[in-house]
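Student: Could we go through this model and check that each label we use really follows from its definition?
Tutor: Sure, let's put it up and start.

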Amino acid sequence: MMSAFGTLAPLSWRNVWRNPRRTVITLIVVSVGLWSVLFFNALLIGWVQSSKDAALKLLTQDGQIHAVGYMDDPSVETFMKPPSGALLEALNDGVIEDWSMRVSAPGVVQSEYKTLPITFMGVDPEAESRISTIPGDMEQGRYLQSVEDDGIILGKHLVERLKTDLGRRVIVMSQSVDGTLSEWSYDVVGIYDSDQGIEDFYIFTGLKTSQEFLGLEDEIAQVVVTLPDEADLVSSIQTLKDAAPELDVRSWKELNLFLAMTDDFMGVYIFVWLGIVFSMMAIGIVNTQLMAVFERTQEFGLLRALGMKPGRVLLMVSIESALLIGVGVLLGIVLAIFSIWSLQGGIDLTAYARAMEMVQAGSIIYVDYHPDGIVRYSFIIWILGILVALWPARRASKCSPQEAMRRDT
Amino acid sequence: MDPIVTCRGVTKTFGSGELAVNALSHVDLDIAPGDFATLAGPSGSGKTTLLNMVGALDHPSAGSVTVDGQSLGNLKQAQLSDLRLRKIGFVFQSYNLVPVMSACENIEFVLELQGIGKADRRAKSLEALRDVGLEGLEHRRPAAMSGGQQQRVAVARALVSRPAIVLADEPTANLDSTSAGELIDLMLKLNDEHGTTFLIGTHDPRVLDRSKRQINMLDGEIESDARH
Amino acid sequence: MLVSLAWRNIWRQPTRTWLSLIGMAFTSMLLVFVLSFQLGSYDTMKASMLQISDGFGQFQPEGYKDDPEMGKVIPDPDALIADLQAVEGLSGVTARGNGFGLLANDERTFAAAVMGIDPINEGRVTTLTGKVTTGRTLSADDTNAIVLGDGLARNLKVGLGDPVTMLGSGTDGSVAADVLMVVGIFKSGVPELDRQIAQIPIERFKETFLMDGAAHAILIRSLELPAVEKAEADLVALADKHGVVYLTWQELRPEVQQMINVDFYTAVMMYATLVVVVVFIILNTLYMSVLERTREFGVLMAVGMKPRQIGRMVWMEMIFLTAVGAGIGIVFGMGLTGYFENVGIAIEMEGTEEIYAQWGLPSRFFPQMTIGRVLAGPGAMIGMIAVLGFIPYRRVMGLKPVEAMAG
C-alpha cells in the first residue's frame, strides 16, 4: 500500500498541474472558502472576547457572591458579612486569581442644579485596580486611594448632566440600615471615562466611608472574584459554592445571560457557516474534477489496458484530489493568516460605541490567530473535500480499456 | 469560362525575422468551374494553408485571391464571413456538425444564417439530405450516426446553398474504406450531375486515385498540376 | 434557432449543469430566506424595543434631549396634539411629564423616575401600561393613583392600596410633594424600568410639579414603523410650527439602529463571500463550456457564422443557466420563507426567555418578504455573473476560424 503511494504520488502531483487553468479554479474555490471560515471564526471569537473583556472587566468580573436575597432586592437590608472561615480560605488559596469586596446601594446624587438616581458604591481601591478597568479610565483628578478615602469618583457623562466639576461638592442620599435617609456631601476627586451606561449610574467612594455612610459595621453587598485565564469557570465557582453554601454564588454566565448566550452560540454559528461554504466548495470541486476525468477517459482506459486495476486508478485520482485540495487548503490558511495579521491593530468600531455598549461588545475588536481553530477547520475541509472527490475518482476507475481505442469525433 | 478561383503570387509567412516560415511561396493557381481537383502532398506542404486562403479563412501575406469574381484582399472579416456563408462550402476532417442538433437542423442552421424563411429552410434541407442519400436520417443527432454518415451530412450542408466551390480538408481521414469510398462516390456524383466544383486537400490514396485533377504541393509550392 | 441551440448547449453536460444549478438555487434560496428573516427580525426588534416606553417618535422642547430639566416644557401640548390628529398614519398620540422624585413609605425611601401619563392615550402608544401584573393600570378617573414597577414596589415594600409619599422639585425649582395610592404594579421584564419607574396621571403630575398645563414630551405611534418614517416631513413641519423639535426614533435610541447596522454589515460580509464563491463556480462552468467548443466554434465561423452571433449564443446560455438557477432558488426560497412567515421561528435556548423579556422582544420571530429582500441576493448573483460573463464572451469574440479549428 505504501509503495503504491510512493509510485503514485509523484505521478499524481504532476497530473495536478497538467491543466493549470482548471487547477487554479479549484484552488481559488477551496482557498477562498476556507479563508472565509477561518477569518470569520477569528472575527467572531474576537467579538466575543472583546465583549467579555469590555462587559465583565467593568463591574461584573468572573463571579460574584451575595447574601441570599440580595439579587432580588438590592438594598442595605440584604447585605452580607465579609468572607471568613471556609470561604476566606477558598478565596485565598489559589483557585481564584483575585477578589474584592464592595458596598453597593441605590441612591441619589444631587448637585446645585440637578438630582439624579445612581448606584452608590464603596470599594477597596487597591483590589479594584487589579480587577476592574474603571480605575485605569480616570480622565481627570485621581482614583480613590484607600478604603477610608471619602472623596467621590463620578462618571464623565454624569458630571456633565449634573453640571458639576472636579473639586466641587455633591450630596449623596441613600437609605441607611436603620431606615432613615442618610445624606452626606462629598468632594468630587476624580472623573472616569468609560461606557456611558456605567458613567450615568455608578459613583464610587472608599469602602469604609460607604459603610459609615450607610450605618453599617463591616457588612458588604458583594464579593467579586476574577479567575485565571485558563481556569474552568464552572468548577472554580463550584469550589466557592461549596465553601459558602449559605451564600448566593454566581458565575458571570449566570449574571449575564446575554453574554453567556453569545459565547455559547458562536461555536454553532461557525459550524453552520462551514457547512454552507463547504456545500459550495463541494460543487466546485466535483465539477472541475469530473471535467478532468472526462477529458482523460482515454488515458484512464489506457492505464486499465496496461493492467492497472480499477482500485489503483481510484487511488491515483484520489491522491490527485487530495494534493489539489491540500494546496488549496494551504493557500486558504495563508490568506487567513495574512488577513488576520493585517488587522492586528484591532478593528475600530468606536463609531458604533453606543450600539456596542448595548450588545456588550467592546469598541475595538482584536482578532487573533487561533491555531487550534485553523488546524481543525482546515483538516475538516480537506477530509470532506477528498470524500467528495471520490465521486469523480470512481468515474475514473470505471473507464474501460476500450475507451483507449475510441476517438471523439 | 472564367475560373471560379484565381490565386496570383499567394505567399503566407508565419513568424517573423529569423523564425519566419513560408507556408506558401508565390502560388499561382486557377480552378475552373466543374473541376474535381485534389491538393496532394506530405504534411507541411501547405495544403491546408492554401485551402484556408481559397476559403477566405485567412489572408495571404502577399499576392491575391479571387473567388467567383470577388477579390478577397479588400474584404473585412464580416464580408469574408458572408462570402463563406453563401459562396463557399466546407467539409472538414472532423467536428463538422453541432452535436446537439439533428442532421436536418445542422443544415437548416446555415440557411437561417442566410435569412431564409422557416418553410423554405426545411424543404431545402430535406432535399439536400436526399441528394446525399440520407433519407430517413433527418432527425438523427451526429452521435447516432456513423462517421461516414456524418461526413455526408457535412457535404449536404456544404451544398445546400449552391456554393461556387466546395472545399474539403482530409474528409476521409477518419473513415473506413467502405465509407470513404461512398463519400468519394457521392462527391463525384455531385460533381457530374450538378457541376459542383470541388477542391480537396488530402493524402488519402483512395481519393487521389479517383481525382480528375491532381495538384501536388511541396514546401509551400506547386510542383505539378495534372488533369487525368 | 440560436435560442433553442443555446438552451440545448447548456445541457450537453447534464451533471455539470445540474451541479451548477443546484449551487445557484441553494444560494438564492438561502439568501431569500435569510434576508427576509434578518430584516424582518430587525423590524420586529425595532418596534418591540421602541414601543415599550419611547414610542416611534417624540416631540420635545428644544435642548430637552441632551439635558432634561423640569423647566424645559412644551407650553401648549393640547394644540400640538390636536394638529397631530390630522397626520396620516398615526395610531396613537400621548403627552408625558417626566419628573424625578424620592418615593417613600414608612420604612423606605427610594429614588424613582416619575412619569405623568395620559391614562386614555398612553396605552395606544406604549406597552408599559399593559404590563401591569397586580392591580390595574391608571384610568381616566384617577386622581392620586400611582403605578409602580415591581422592583420599585419591592424596594419600597409597598403593595396595592398602600400610600406612597413623593418628593421632587417643580418647574420653578420649588419643592413638589404629594401623597399617592398604589393601584397597580407592572412587570416589564426590563430591570431598569421595573426598578425605577412610577406612573401617575398627567393631570396630577402637572399640578404637583407646577407645570401650568405644559408637558415635557409628546409621543407618537403608528401601527407599523414605516408609517411614522413616511410622515416625517409633516411631523417636522408641525414641530416648527409649535416651536418644539421632532425626534425620530433613531435620534431617541441611536444604539438600536447602530446595533442593527453592525449586525447587518457583518452578515453582509458573509453573504458576499458566498455569492462570490458561487459566481466563481458558475463562471467556471460557462468558461469551460466555451473552451471545450473552440473547434466547433471554428467550424461554425468557417461556414459563415460571425463571432458576434456566437457571442450572443454564449450570452444566452449564460442567461438561461443563471435565470433557471436563480429562479428555482427564488421559488423555493419564497416557499420556505412563506411557510415561516405564518409559523414564525422560535429561537429557544437556555436563557433566551429572559433576554427577550429584557429587550421587549417576542419569543417568535417572523420573516418578512419584500420584493427587495427576495430579489437582492439572487440579483447580486445574477448581476455579478452578467458583468463577469464578459470574460467568456470576450474570448468568443476574439476567436479566429483557423486558430479555433486547430484547437
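Student: How many bridges join strand β3 of chain B to strand β9 of chain B, and how do the strands run?
Tutor: Four bridges join β3 (residues 36-40) to β9 (residues 213-218) of chain B, and the two run parallel. Strands pair if DSSP finds at least two bridges between them, so with four, β3(B) and β9(B) count as paired. One of the bridge partners is Arg213(B) in β9(B), which sits opposite Ala37(B).

Student: Before going on, what should I keep in mind about the model?
Tutor: It is predicted: local features need pLDDT of at least 70, side-chain atom pairs count only at pLDDT 80 or more, and totals for chains, interfaces and linings use all residues. Residues are numbered from 1 along each chain as its sequence is written, while chains are lettered from A and ligands numbered from 1 in the order in which they are written.

Student: What makes β6 and β10 of chain B edge strands?
Tutor: Each pairs on one side only. They belong to an open, mixed sheet of six strands in the order β6-β7-β8-β3-β9-β10 of chain B.

Student: Why are α2(A) and α10(A) called roughly antiparallel?
Tutor: Helix α2 (residues 20-60) and helix α10 (residues 257-295) of chain A pack at about 175°, with axes 9 Å apart. Angles run from 0 to 180 degrees between N-to-C directions, with axes fitted to C-alpha atoms, for helices over the stretch in contact. Angles over 145 degrees count as roughly antiparallel, so this pair earns the label. Their contact has 22 nonpolar, eight polar and three charged residues. Here Ala, Val, Leu, Ile, Met, Phe, Trp, Tyr, Cys and Pro count as nonpolar, Asp, Glu, Lys and Arg as charged, and the others, Gly among them, as polar.

Student: How many residues of chain A are in contact with chain C?
Tutor: 41 residues of chain A are in contact with 41 of chain C, contact being C-beta atoms, placed from the backbone, within 7 Å. α10(A) supplies the largest share of chain A's side, 16 residues.

Student: How do you know that the span of α13(C) is close to the expected one?
Tutor: The expected span is 1.5 Å times one less than the number of residues. With 37 residues, α13(C) has an expected 54 Å, and it reaches 53 Å from first C-alpha to last. Gly344(C) follows α13(C), with a positive phi near 80°.

Technical notes
Parallel < 35°, antiparallel > 145°, perpendicular 65-115°, else oblique. Contact = placed C-beta atoms within 7 Å.
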